[in-house]
Amino acid sequence: ASKPAPQPKIDDEEAGGGAYGFADDFVPAAQADSQKAENDPVKNSPAYRITDEKFTYRCPHCAKEMASEDAIICLHCGYNTRTRQTPGTKRIEEITPADRFLWLLPGILCVLAVLSLIGFDYYFWFGLKQSWWDPLDQWQEGTSFSMGIRVWVVAISLALMWVAAKFAFKRLVLEPNPPEVEKK
């Protein structure tokens, strides 16, 4: 491999920027003499001069001034100085009324299940005629076997009601909106 040709060395005086001249500031010698003769303060002044010294708290991400030294979030770029993260943006799919209905449907069905279990328990405990329970009570002499069955069936249905009501509350009250889906 061949080596690149060495760059010509530029004197500080030719660069026009003092000891730390920039390549863009390079002015050929013929033009430099005419510029010095003009005594134009804008053309002869250094390109980057500190005009004022203002020591304020700055954002480590975008270097713009923060609202105060106690500020956590940069108002310009959103950088969080505590978590050291910049918030990102996501493109999400639009949530349609059909999506919302399909999200709420299981919660609505759970409410209907709770109401139907309440009706079933009421009918099972009070609605069935005594003639329906008599064969069970005669099977076990001296006991109320039918009352035990009623208690256990109602207890199991109460447990099912608790699970369904808990899910319905979570879906319909705490999280009524479907989750956002990011576009790919």
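A helix here is a DSSP run of H or I that is at least four residues long, and helices are numbered from the N terminus. L115, for example, has its place in helix α4. The close-ups below all come from a predicted model.

**Figure 1. The protein chain and its helices.** The protein chain has six helices and zero strands. Read from the N terminus on, its elements run α-α-α-α-α-α. Of the 184 residues in the protein chain, 15% are buried. Among contacts between residues at least 6 apart in sequence, 45% join residues that are at least 24 apart.

**Figure 2. How α4 and α6 pack.** Helix α4 covers residues 97-127, and helix α6 covers 145-174. At what angle do the axes of α4 and α6 cross? The two axes cross at roughly 160 degrees and come within 8 Å of each other. Angles over 145 degrees count as roughly antiparallel, so α4 is roughly antiparallel to α6. The crossing of α4 and α6 is left-handed. The residues of the contact between α4 and α6 divide into 24 nonpolar, two polar and three charged.

**Figure 3. The largest nonpolar core.** Which residues form the largest nonpolar core? This core has six residues, namely C110, V114, L117, M161, A164 and A168. Helices α4 and α6 each supply at least two residues of the core. One core residue, L117, touches S157, L160 and M161, leaving aside residues up to four places away in sequence. A second, separate core has five residues, and C59, M66, A71 and Y79 are among them.

**Figure 4. L115 on helix α4.** Is L115 buried or exposed? A residue counts as exposed when its relative accessible area is over 50%. The relative accessibility of L115 is 53%, so L115 counts as exposed. L115 and M161 are 46 residues apart in sequence, while their C-alpha atoms are 8.6 Å apart in space. M161 itself belongs to the largest nonpolar core.

**Figure 5. L102 on helix α4.** L102 also has its place in helix α4. With a relative accessibility of 56%, L102 counts as exposed. How many residues lie between the positions of L102 and P178 along the chain, and what separates their C-alpha atoms in space? L102 and P178 are 76 residues apart along the chain, and 8.8 Å separates their C-alpha atoms.

**Figure 6. Y79 in the loop between α3 and α4.** Y79 has its place in the loop between α3 and α4, and α3 covers residues 41-44. Residues under 20% relative accessible area count as buried. The relative accessible area of Y79 is 12%, so Y79 is buried. Y79 is also one of the residues of the second core. Residues up to four places away in sequence are not counted in the contacts of Y79, which include C59, P60, H61, I72, I73 and C74. Other residues that Y79 touches are R84, Q85, T86 and P87. The C-alpha atoms of Y79 and P60 are separated by 8.2 Å, and the two residues are 19 apart along the chain.

**Figure 7. T81 in the loop between α3 and α4.** T81 lies in the loop between α3 and α4. Which residues does T81 touch, not counting those up to four places away in sequence? T81 touches Y57, P60, M66, A71 and I72. Two of these names, M66 and A71, also appear in the second core. From C-alpha to C-alpha, T81 and H61 are 9.0 Å apart in space, and in sequence they are 20 residues apart.

**Figure 8. Positive phi at A63 and R84.** Most residues other than glycine have a negative phi. A63 is not a glycine, yet its phi is positive, at about 65 degrees. A63 has its place in the loop between α3 and α4. With a relative accessible area of 45%, A63 is partly exposed. R84 is likewise a residue other than glycine with a positive phi, near 60 degrees. The place of R84 is in the loop between α3 and α4. R84 is exposed, with a relative accessible area of 66%. R84 is also among the residues touched by Y79.

Key:
Residues numbered from 1 in each chain as written. Predicted model: local features only at pLDDT ≥ 70, side-chain atom pairs only at ≥ 80, totals over all residues. Heavy atoms only, no water. Core = buried A, V, L, I, M, F, W, Y, C linked by side-chain atoms within 4.5 Å. Buried < 20%, exposed > 50% of the residue type's maximum accessible area, 1.4 Å probe, protein only. Contact = heavy atoms within 4.5 Å. Axes fitted to C-alpha atoms, helices over the stretch in contact; angles between N-to-C directions. Parallel < 35°, antiparallel > 145°, perpendicular 65-115°, else oblique. Left-handed = near helix turned anticlockwise from the far one by under 90°. Nonpolar A, V, L, I, M, F, W, Y, C, P; charged D, E, K, R; others polar.
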